[in-house]
Structures are given as structure tokens and as C-alpha cells.
Amino acid sequence: MSVLNQKTIKKKISFNGTGLHSGKKVIMTLFPAPPNSGIIFKRSDLQINNLIHPNVFNVSSASYCTKLTNEYGVSVSTVEHLMAALCGLGIDNLLVDLSSEELPIMDGSSKNFVDAIKDIGFNISDQPIRIIKIDKKITYKDGEKFISFEPNKISLEIDFEIKYKQNSILNQKNKKNIYMDNLTDIYNSRTFCLFEDVEKLKKMGLAQGGSLDNAIVVKGNEILNEEKLRNSNEFVNHKILDCLGDIYLAGYRMVGKITSSQGGHNVTNQGLRDLLSNNENYSIIELKEKNIPHSFLIKNTLKSSA
Ligand SMILES: [Zn+2]
């Protein structure tokens, strides 16, 4: 079966955890889904209007996490780390059943999701995958922050830069080719915040479930977590993870080059809205193996059997 055909997971997988911002306990169960269904969220704590189809235009809040709201006002939040895992692993179709409004934060990264999905394995359908190909360069700017989307041959590159005055973060920059590179450092990188922002976030009703078990906390030049850093670029690598999850809300995986400086959920979402609001900027194509360079197929075959 072709690696370019749509994938789902082999069997259901459950995660027990806590929402980072709500602090609520949640059970999340991932179920296999048929071809062409996409990723669907279901709030099983609600009886009606409980399905939410990810879309860049139903992002209702993108400060501190990405929240989706359907036309009935039903929401799911902090979808980005799961979406990044699904995008990186090439999961096209999945039902995400939730017992509460926010996904479990786990260890603050995508590690648990990626490990569990790899363990359970994939089901490959006979339907070809579709991708969004960027045809025109689009840049969104907000002061010093920006994101740009430009055409690229067959890969998805994310080039990200952050600038902080704290010595333990400072300026970090990294670039990943999502379909070719090993993404372990990206998946394993945890969310982070500054110690001085913790109180502010809690007062805003956010980070109620936050702790040193699910976020890196930076105080001055010090990292308060016992674990310290998992990789030397963990801060910017987490921003690449967030960006990957946020762009998968476009509905399909993407082919293009994405460059961002000091961006985040909101900048990525605004840029995606600009990109996808005009169909001259992109095309949706079905991938047929005969159109794809040999090297891409070899690498992806190796990746999917690893
Ligand atoms: Zn994040």
C-alpha cells in the first residue's frame, strides 16, 4: 500500500490527563476514522452539537493556546500539540473524543502522543492524500513579529526564530524539513513560560493546571525544572511544534516554506487566514506517486516503517 495514501491509527488509544489552562481532568480517546473524514474533535460530555471540525477560520482564541469553536459555540482548546503529532506522523483521519473542553497537556510536549501512536501503528487506506501547495508568497506582520508562507518544491520547511532577554533562552533559531528530518527533538520539546508571568496567567484564569511537570519555567537566568532542558534548542523547537500543529488546522498537510520570527499561535493563525482567504494563493492537490521524486518516496517509506 502506498505511503502516499491516507492513514489513520490501527486501534483506539486513551490518554488521561489535565488541561493546562482549565486545570480540569480529561480523558481523551483517539479512534480510527475512515478515509476523507479528516481530524474531528468530539465533546462526549455534551449530548448535541458536539462535533468540531478544525479549520483556521474557527480558531476563536490564539493567545497562549489554540482554541476552536464550532457554529454552536462549543469549543475545544490546546489542540496544537496533538495536531503537531498528527501532522508529523502523517495521520489524515482521526476522531478525537474528549470528556472535557481542553486536551490533556501531558508533559507539555507531543512526546506521549507520538510514542502511543507509533506503538499502536497505522492503517493505510486506498485513498490518496491531499496536500495544500502554496503558490504565492504571503507575509503577515505584527510589529516585529512576522510569518511568511512561500512556495517550495515538495517539502514543508519551518524556519523559526525567537528573541528573549533571559540568558537561558536568548535568541534561538532552528529550521526543520518536516517530511525529511528526524522530528524527535521537536516532538519532545516542552512548552515554556517566564516565572514572572505565572501569577499573571493564573489571575487571567489561565495555566490552572500548569506545573513544573508540564512546562519549563524560566526565572531570570535559571531553569526551575529539575529535568533542565531536553535539547539545546528546546524553546525554539517547541515554537516549531506549535507552528506545525497550528498549520495542520488548514485541513491538509502543506507543501511550502514557512519563516517566522517571534511569532506564536496568533501570528500563525492570522497568516494562515490571509493565505487561505484567497484561492489564488494556494492549490489543493492529490498526491500521485508518479509526480513525486524518488528520494521523497524512499525517505517516507523508511520513516513509516520505522
Ligand atoms: Zn505549545
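This report walks through a predicted model of a single chain, from its confidence and domains to its zinc site and a handful of individual residues.

**Confidence and domains**

Let's start with how far the model can be trusted. Mean pLDDT for the chain comes out at 92, with 93% of the residues at 70 or more. The weak spot to keep in mind is residues 301–306, where pLDDT stays under 50. For that stretch the model has eight contacts beyond four places in sequence. Where pLDDT is low, predicted coordinates should not be read in detail.

The domain assignment splits the chain into domain 1 (5–128) and domain 2 (131–305). Taken over C-alpha atoms, the centres of domain 1 and domain 2 are 17 Å apart. As for what lies between them, 40 residues of domain 1 are in contact with 39 residues of domain 2.

**The zinc site**

Which protein atoms hold the zinc ion? The donors are NE2 of His81, NE2 of His238 and, listed twice, OD of Asp242, at 2.1 to 2.8 Å from the metal. Don't expect a neat geometry here: the four donor atoms subtend angles of 51 to 147 degrees around the zinc ion, so the arrangement counts as irregular. For a tetrahedral label, all angles would have to lie between 85 and 135 degrees.

Along the chain, the donor residues follow the spacing H-x156-H-x3-D. His81 sits in helix α1 (residues 80–89) and His238 in helix α5 (residues 234–247), so this pair ties together parts that are 157 residues apart in sequence. Both His81 and His238 are buried.

Helix α1 itself is worth a look. It is mostly covered, with 10 of its 10 residues buried. The buried residues of α1 include Glu80, Met83, Cys87 and Gly88, alongside the zinc donor His81. Right after α1 comes Gly90, whose phi is positive, near 75 degrees.

**Two buried polar residues**

Now for a couple of polar side chains away from the solvent. Gln166 is in the loop between β14 (156–163) and β15 (171–177). With a relative accessible area of 9%, Gln166 is buried. Its side chain makes a polar contact of 3.5 Å with the side chain of Glu196. Setting aside neighbours within four places in sequence, Gln166 is in contact with Leu194, Glu196, Val218, Gly220 and Asn221.

Thr259, by contrast in setting, belongs to strand β19 (residues 253–261). Thr259 counts as buried too, at 16% relative accessibility. The side chains of Thr259 and Lys257 share a polar contact of 3.5 Å. Beyond four places in sequence, Thr259 touches Phe146, Ile147, Ser148, Glu150 and Asp159.

**Positive phi in loops**

Asn49 and Ala207 are each a residue other than glycine with a positive phi.

| Residue | Phi | Loop | Relative accessible area |
|---|---|---|---|
| Asn49 | near 50 degrees | between β4 (39–43) and β5 (51–52) | 32%, partly exposed |
| Ala207 | near 55 degrees | between α4 (195–203) and β17 (216–219) | 10%, buried |

Ala207 turns up again among the contacts of Lys202, a residue of helix α4. Leaving out residues up to four places away in sequence, Lys202 touches Ala207, Gln208 and Gly210. Is Lys202 buried or partly exposed? At 33% relative accessibility, Lys202 counts as partly exposed.

**Across the model**

Two C-alpha pairs give a feel for the distances involved. Lys202 and Ile9 are 193 residues apart along the chain, and 36 Å separate their C-alpha atoms. Pro34 and Asp274, with their positions 240 residues apart in the numbering, have C-alpha atoms 30 Å apart. Pro34 is in the loop between β3 (25–32) and β4. At a relative accessible area of 54%, Pro34 is exposed.

So what should you check on screen? A good place to begin is the zinc ion with His81, His238 and Asp242 around it, then the covered helix α1 that carries His81. From there, the polar contact between Gln166 and Glu196 and the one between Thr259 and Lys257 are easy to pick out by residue number. Treat residues 301–306 with care, as pLDDT is under 50 there.

How values were computed: Residues numbered from 1 in each chain as written. Predicted model: local features only at pLDDT ≥ 70, side-chain atom pairs only at ≥ 80, totals over all residues. Heavy atoms only, no water. pLDDT = per-residue confidence, 0-100. Contact = heavy atoms within 4.5 Å. Donors = N, O, S within 2.8 Å, 3.2 Å for Na, K, Ca; no water. Tetrahedral: all angles 85-135°; square planar, octahedral: opposite > 155°, others 65-115°. Helix = DSSP H or I, 4+ residues; strand = E, 2+ residues; numbered from the N terminus. Buried < 20%, exposed > 50% of the residue type's maximum accessible area, 1.4 Å probe, protein only. Polar contact = N/O pair within 3.5 Å; in protein donor to acceptor, adjacent residues only side chain to side chain. Domains from an automatic or database assignment.
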